[in-house]
Amino acid sequence: MQNTPEAIPAPVAEAIIAAGARLDQRNWVPATAGNLSIRLPDSRVAITRSGFHKARLVPDSLMVVDLDGRPEQPGLRPSAETLLHCGAYRRFPEAGAVLHGHSIANTVLSRLAGDSITLEGYELLKAFPGLPTHEASVTLPVFDNDQDIARLQGVVEARWSRMAADEDVIPPGYLLRGHGVYVWGPDMDTALARMEALEFMLDCHLHEHPRT
Ligand SMILES: CSC[C@@H](O)[C@@H](O)C(=O)COP(=O)(O)O
Ligand SMILES: [Zn+2]
């Protein structure tokens, strides 16, 4: 079944397509890596279909799923990592857009790190919510990669529950070891800004602590 133009509003499709091109310009979505989504009204999500190059997205490269990842158009295959997007939307009502990319910095650092990376003293921390000053720190969770995405989302969810009990803020992102980054924001522009800020800090961190 083909994607129908009315399934995804044109401005939503345009925002995802433009964001895919922007991530590609930064070399953060090599091969067919990465996936992007925007929350729609009524517990629906517009998301990239699996296996498409994110530099060359068109409206037909997108589809709609519900918050359990079930496709609205049954013949189409959503991103293999759809349940990670759904998990962020379900846990954080303020999340309106989710981005995933595979940069060199996030891949290398996630392989060297333990179960988190602490970012502190960076002016760009202010791109994250609730951090009005560089005199703050963010503990970015790092999860072991897993091809079983439902199981991986269960691990992510359990960590969020622990962080909600123990820490002031849950950062709007995390790393998957040897794999990539997930970042979200209230809208696509904010998600992109957070991803750029995070990638910048990870690049700095990699230069400063090459053996993290
Ligand atoms: C190019 S392999 C990368 C994939 O395994 C996956 O990690 C990824 O980011 C893209 O998967 P997709 O199913 O296209 O959304
Ligand atoms: Zn990936």
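Guide: Let's start with a term: a crossover is right-handed if, with the strands pointing away from the viewer, the path from the first strand over the helix to the second runs clockwise. Keep in mind that this is a predicted model.

Visitor: Which elements make a right-handed β-α-β unit here?

Guide: Strand 6, helix 4 and strand 7. Look down the strands and you'll see the path run clockwise, as the term requires.

Visitor: How do you know that strand 6 and strand 7 pair?

Guide: Pairing takes at least two bridges, and strand 6 has two to strand 7 (residues 173-176), so the pair qualifies. The two strands run parallel, with Val142 opposite Leu175 in strand 7.

Visitor: And what makes strand 5 a partner of strand 6?

Guide: Five bridges, set against a cut-off of at least two, so strand 5 (residues 116-120) and strand 6 count as paired. The sense is antiparallel here, and Ser116 faces Pro141 of strand 6 across the pair.

Visitor: Why is strand 6 called mostly covered?

Guide: Of the seven residues in strand 6 (137-143), five are buried. Each of those five has 20 or more other C-beta atoms within 10 Å of its own, so the label fits.

Visitor: Why is His100 called buried?

Guide: His100 has 27 C-beta neighbours inside 10 Å and the cut-off is 20 or more, so His100 is buried. The residue sits in strand 4. Beyond four places in sequence, it touches Gly34, Asn35, Glu81, Gly180, Val181 and Tyr182.

Visitor: Then why does His102 count as partly exposed?

Guide: Its count is 19, below the 20 needed for buried but above the 12 or fewer that would make it exposed, so His102 lands in between. His102 lies in the loop between strand 4 and helix 3 (104-112), and its contacts outside four places in sequence include Trp28, Thr107 and His179. UniProt, in an unreviewed entry, gives both His100 and His102 the feature "binding site".

Visitor: Which residues surround ligand 1?

Guide: His100 is one of them, and the others include Thr32, Asn35, Ser50 and Glu81. By class, the shell has three nonpolar, eight polar and one charged residues.

Visitor: What makes helix 2 largely enclosed?

Guide: Eight of its ten residues (82-91) are buried, so helix 2 is largely enclosed by the rest of the structure. Among the buried ones are Leu83, Leu84, Cys86 and Tyr89. The elements they pack against include strand 1 (35-40), strand 4 (97-101) and helix 4 (149-166).

Conventions
Residues are numbered from 1 along each chain as its sequence is written. Chains are lettered from A and ligands numbered from 1 in the order in which they are written. This is a predicted model: local features need pLDDT of at least 70, side-chain atom pairs count only at pLDDT 80 or more; totals for chains, interfaces and linings use all residues. A residue is near a molecule or strand if its C-beta atom, placed from the backbone, lies within 6 Å of it. Ala, Val, Leu, Ile, Met, Phe, Trp, Tyr, Cys and Pro count as nonpolar, Asp, Glu, Lys and Arg as charged, and the others, Gly among them, as polar. Helices (H or I, at least four residues) and strands (E, at least two) are DSSP runs, numbered from the N terminus. Two residues are in contact if their C-beta atoms, placed from the backbone, lie within 7 Å. UniProt positions are given in the numbering used here, feature names are shortened, and annotations may be inferred rather than shown by experiment.
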